[in-house]
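Let's take a walk through this one together. Have the viewer open and follow along.

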Amino acid sequence: MLGFLSRIHLALKDAEGWQLEEVPMRVWEELDACRTLDQYSNVLVQYVLNLCRKTTQNAVIARAIRIISEHYAEDLTLQTIADRLSMHPVWLSQSFKRETGQTYMDFLTETRLAHARRLLTESSMKIYEIAEAVGYRDLQHFGSVFKKARRPDAEGVPIRQMKWTRIAAGDLYRKMILLMCLSVLLPLGALGYLSYEQSKRQIGFVTTQFLEDNLRVNAKAVDDFLQGVERQSESIIGSGELQSFLRQPEPSAYTEELTFINRMNALIARLKGPYELYIRPKSLKAYPNYRNLMGLSRIDPESAYFEEALTRNGQGKWVHLWDERIRQPVHLYVRAIRSLDDFEPIGILAIRVPEYLVRTELIPPSSFKNYRFIMVDEKDRIVSQPYEGTYLAPYRPIEGWSSAQIGLQDGGRLIAMLPERDLTGNIGRIKSFTIGTVIASFLVIALFAAIVIRNFTLPIMQLVKHMKQVRKGLLEPFRAQRTRDDEIGQLVNGYNRMTQDMSDLLDTTKQMESDKRQLEMQSLIHQINPHFFYNTLDSIKWSAERADVPDIAMMVTKLANLLRFSLNNGEEWTTVGREIEHARSYMEIELLRSKRSFQFFVQADPDVLGLRLIKLILQPLVENAVKHGMNRMPEGKGKIRLTARRSGAALVFVVEDNGPGLGQRQAIAAEVDANEKERRTGGFGHGIGLSNVHKRIQLHFGEPYGIEIEAGRTEGFRIAIRVPVQEVR
């Protein structure tokens, strides 16, 4: 036996890499004193458990230290580390202090401060950047923690050189007053400036928008006016009398031309409407007298724009001219007259519109006296404006004036102009009013802030003094300020509830310690080298076969498979097929162990057998069916069915039996065990049964998944597990 223990010791040391000492003499003495196989077994099991406890604890603390070293800049709490290591936080805290000689928080603080000192000497980062880089979001708290260190860093830089420590000087009231004044003055100043600028921009924007709207209205009026002239030209061209007259042969004698002139003048008088109308034949060579007569008017019948009109396929063109006799611009609409039979040009018409008639369509806003309208042609030349001297000159924006423009139907643009001072108005008066309002507001707010801050900081300072007593272990409620209904009263009441909760927490620590020891023992058992168990079970199997006891050999084989799946080198994931096979092994062991006869069926879709699944979630369900279903059934009548199928993005496992219904099981469970009753009614109880399965599923996948019990059935019991589909990686 002593040689066997040495081989176990060496195997653990070589195979697992554990740093083990020699087998203690005490163990040798205990083994030497053993006389029975049970005594040997107890000593060996206790020794292996102690080895696992020691090495596991060292490994866990090493992992915790590694997590702190790698993630010190994150929001690390003891609960966070415990969750990552799957350990109880109380057990982790005690083990951490026992192994390192420091509490978890002291070790984390020391790690962060060491990195802060390194950044202080090796980088040019600012203080708040260093605080964030090492995991402190509150600069003042970082300053107080660093100040408490009170020692030079690795390069000998004193703490007093850090400028931010000056922020911590002074009591709360003075700091609050200073911060409140700054927090009021700066926003008020910024608010006043922004409101002034915003008012200025808003006034300009609203005014500009109004002017643009007015510009669009006036542009439409001008376009409508020009379209009216064009429509008049269309009615003139469509005149049958004019069409017939212009298609007549050219005159060959003076008398014929004189007749043409008289008839043309009469025809123009009937067709011209409100504007002056000029009509000339396509060619003037046969009409010398008529050409001279037109030359006496205000237009030149041989101008280039008349000839251009013949080439525009019936489209008209606006021509802008300066009438020297009336010293005003005029607008001339020139268009070819085409035959309605073959659409060939037979003449040219020109409609003369005085500039003042166009400007009568423009209506400036009555609130702006200096508002001006300017019209320019497609070449950006001024063709209409309210003053003389710049006709047909290139348009140039005027400094100090705001302008807006819009296109016109004839290809030109309508431009509205207004001095900027008329847009902004009297901004100086707004500025003076804003400055006065900011100063008056600051004085009033500062006065009330001092009163309010005093009312709030005094009870807070009293509460801080009481907190120092609580830190010393005096868990008594804070007596002052409890009658207040505001936030201070709520803070005090919440603080008192917290101290009461702390007191209650201390009362429950003993129970937690007991649960912790039980969980620790279970964890340690799972850490034992599985080879030792497998070899032992194989020895039992061989002994049973040699003794010709096949039932024992089969049961041991199934048990070995069960343990091998449960340990699985610490892996938590398996496949659906292996999990079902594990449940089947358990049922075969149960049939051999209990000598009871019941039937177990498995129905699983082949396409789900290869999917990933957290292990040990089906065996507790079939165990529940055996314990509370089959044990209450007559011999050979019990049936249990396990089904596995895919439902959309979820895997659904259902275990159902033909045993007692939910109500009967509750009564039976009450007689057997109160904890089992809670399990049957949906609370899932305690321990490693359904509660463990339900919690593990929800921890992995969230609230929508877990165990569902079908209620309302009087016979039989049905329980389902729903988990998300996990493909094999």
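**A patch, then a sheet**

Start at the surface: Val444, Leu447, Phe448, Ile451 and Val452 make up a nonpolar patch there, with a combined accessible area of about 490 Å². Keep in mind that this is a predicted model. Pick out Ile451 from that group, and you'll find it in helix H16, which covers residues 427-471. Is Ile451 buried or exposed? Its relative accessibility is 53%, and exposed means over 50%, so Ile451 counts as exposed.

Now jump along the chain to a sheet. It is open, has 5 strands and runs in the order S10-S12-S13-S15-S14, with mixed pairing. At the edges sit strand S10 (598-604) and strand S14 (706-709), each of which pairs on one side only. On average, neighbouring strands here are turned by 15° against each other, if you ignore direction.

Let's zoom in on one pair. Strand S13 (residues 650-660) runs antiparallel to strand S15 (residues 715-724), and the two pair over 9 bridges. For a handy landmark, look for Val652, which stands opposite Arg722 in S15.

Which helices pack on this sheet? One of them is helix H20 (residues 576-594), which touches S10, strand S12 (638-647) and S13. The direction of H20 makes about 175° with that of S10. Helix H21 (residues 619-628) packs on the sheet as well, touching S10, S12, S13, S14 and S15. Compare its direction with that of S13 and you get an angle of about 10°.

Key: Residues are numbered from 1 along each chain as its sequence is written. This is a predicted model: local features need pLDDT of at least 70, side-chain atom pairs count only at pLDDT 80 or more; totals for chains, interfaces and linings use all residues. Side-chain values use heavy atoms; hydrogens and water are left out. Two strands pair if DSSP finds at least two bridges between them. Helices (H or I, at least four residues) and strands (E, at least two) are DSSP runs, numbered from the N terminus. Axes are lines fitted to C-alpha atoms, for helices over the stretch in contact, and angles run from 0 to 180 degrees between N-to-C directions. Contact means heavy atoms within 4.5 Å. Patches are made of residues with over 30% relative accessible area and no salt bridge: like charges are joined within 9 Å, nonpolar side chains (Val, Leu, Ile, Met, Phe, Trp, Tyr) within 5 Å. Accessible areas come from the Shrake-Rupley method with a 1.4 Å probe; for residues, only the protein chains shown count as cover. A salt bridge is a side-chain nitrogen of Lys or Arg within 4 Å of a carboxyl oxygen of Asp or Glu. Buried means under 20% relative accessible area, exposed over 50%, partly exposed in between (1.4 Å probe, protein chains only).
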